[in-house]
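Reader: Could you walk me through how to read a helical complex, feature by feature? I would like the general idea each time, then the case at hand.

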Amino acid sequence: MSTTTVSATTKWWSGGKSPFNVEYGKLMMWYFLISDAFTFGAFLISYGTIRFSSTGWPDPNKVFSSYPFMPEGAHAPLVFVSIMTFILILSSVTMVLAVHGGHQMNKKAVVTNLILTILGGLAFLSCQAWEWTHLHHEGAWWGSNPFLNADGTQSSTNFTNYFFTITGFHGFHVFSGVIINIVMLIMTLNNVFEKRGHYLMIEKAGLYWHFVDLVWVFVFTCFYLI
Amino acid sequence: MEQSHALHIENHGGGKKEIINVTIILSVLTIIELALGFWLMSITNETIRLTIKGVIVILMLSKAFYIVAYFMHLKHEIRNMIMTIVVPLLLFVWFIIAFLTDGNSYKNLRNTYDPYKKERSTEKVEKKEAVKEIKKAE
């Protein structure tokens, strides 16, 4: 009875084709990203658990209130990190445009947008390097926390440990994303995808890059805003 | 390979216009988040603070949705594909509730049964140490 109605639609599980309607490599990239999401999720939830179990926590607006070349004595919470956030969002947009160019077999669009994405990634990494250096000069590092809790009580080193571990792990992802994108750029310039007849590889690199942006949405909210 | 390429063309999605729309939505959501973050600084009432933080978390989740659905293209994949990604992620619901509750319960138990710890954690300390560190940096 049901066969008559089903025959009109595609039978995804009857064999001979991918039941997910995607190419193997892309599916595996998705599965890798799920595992990576659980790694980041475990980090962030561990951070949340410790924060919920602590009686006090430093005020992020006091800790992260600086930016490069800032005039002496100025207090500018959230400014620098908003710039970092927008850099990453914009680099994600140029990555989508690169993937979009790949769909249309437009090599020039792919190259331009990949270069912009790489520049965005490098800009983000530079910002993070500056911020880490600045915090390190203030005496913050793994195992050392110069900041007091928001209510003026003594803070533990949990705050800096989690901050450096999680932003460091995210920064490492951005770094590997930049490397992947540089490899993609070289392959595009060598006409590898042109000869292959499709730019599906750019999509996989794109998935990874968007994931990096996605993780930053969570890291940014959990460490700087809340 | 031929086949997967051919299949791929079916699920392109909205194209350039969609990219621009999503970019605008993400930027606006980020600006609202930042505005709430600035507002949060001037508020001392714990209930209002928690409410704002809740709104920020909701905005964060909607940003995550837009990135995954449109930039990562998941919304334009077929249902089988969406389910294989989204269903495992539902574990996070348990994960977050269980662990955050546990952390909170640990704090309450310690504050109830460990008076020494409670006393130490409410002791105000001199800002001296922190000021010294900042001076060293300058």
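Author: We will go from the chains to their contact, then to helix pairs and one residue. This is a predicted model, in which local features need pLDDT of at least 70 and side-chain atom pairs count only at pLDDT 80 or more, while totals for chains, interfaces and linings use all residues. Residues are numbered from 1 along each chain as its sequence is written, and chains are lettered from A and ligands numbered from 1 in the order in which they are written.

Reader: How many helices and strands does chain A have, and how many does chain B have?

Author: Helices (H or I, at least four residues) and strands (E, at least two) are DSSP runs, numbered from the N terminus. Chain A has 8 helices and 0 strands; chain B has 7 helices and 0 strands.

Reader: What radius of gyration does chain A have, set against a compact globule of 226 residues?

Author: The radius of gyration is taken over C-alpha atoms, and the globule rule is 2.2 Å times the number of residues to the power 0.38. A compact globule of 226 residues would come out near 17 Å, but chain A has 22 Å. Along the principal axes, the C-alpha atoms of chain A fill a box of roughly 70 × 50 × 25 Å.

Reader: What share of each chain is buried?

Author: A residue is buried if 20 or more other C-beta atoms lie within 10 Å of its own, exposed if 12 or fewer, and partly exposed in between, with C-beta atoms placed from the backbone. In chain A, 40% of the 226 residues are buried, and in chain B 12% of the 138 residues are.

Reader: How many residues from each chain take part in the contact?

Author: Two residues are in contact if their C-beta atoms, placed from the backbone, lie within 7 Å. Chain A gives 52 residues and chain B gives 58 residues. On the chain A side, helix 2 (24-53), helix 4 (79-103) and helix 8 (200-225) each give two or more residues, and the largest share, 10 residues, comes from helix 2 of chain A. For classes, Ala, Val, Leu, Ile, Met, Phe, Trp, Tyr, Cys and Pro count as nonpolar, Asp, Glu, Lys and Arg as charged, and the others, Gly among them, as polar. That side of chain A has 25 nonpolar, 23 polar and 4 charged residues.

Reader: At what angle do helix 2 of chain A and helix 4 of chain B cross?

Author: Axes are lines fitted to C-alpha atoms, for helices over the stretch in contact, and angles run from 0 to 180 degrees between N-to-C directions. Angles under 35 degrees count as roughly parallel, over 145 as roughly antiparallel, 65 to 115 as roughly perpendicular and the rest as oblique. Here the axes of helix 2 of chain A and helix 4 (residues 79-89) of chain B come within 11 Å and cross at roughly 10°, which means that the two helices are roughly parallel. A:W30, A:I34 and A:A37 meet B:I85, B:P88 and B:L89 in this contact, whose residues are 6 nonpolar, no polar and no charged.

Reader: And how are helix 4 and helix 8 of chain A oriented, parallel or antiparallel?

Author: Their axes come within 10 Å and cross at roughly 160°, so helix 4 and helix 8 of chain A are roughly antiparallel.

Reader: Is A:L114 buried or exposed?

Author: A:L114, in helix 5 (residues 107-137) of chain A, is buried because 28 other C-beta atoms lie within 10 Å.
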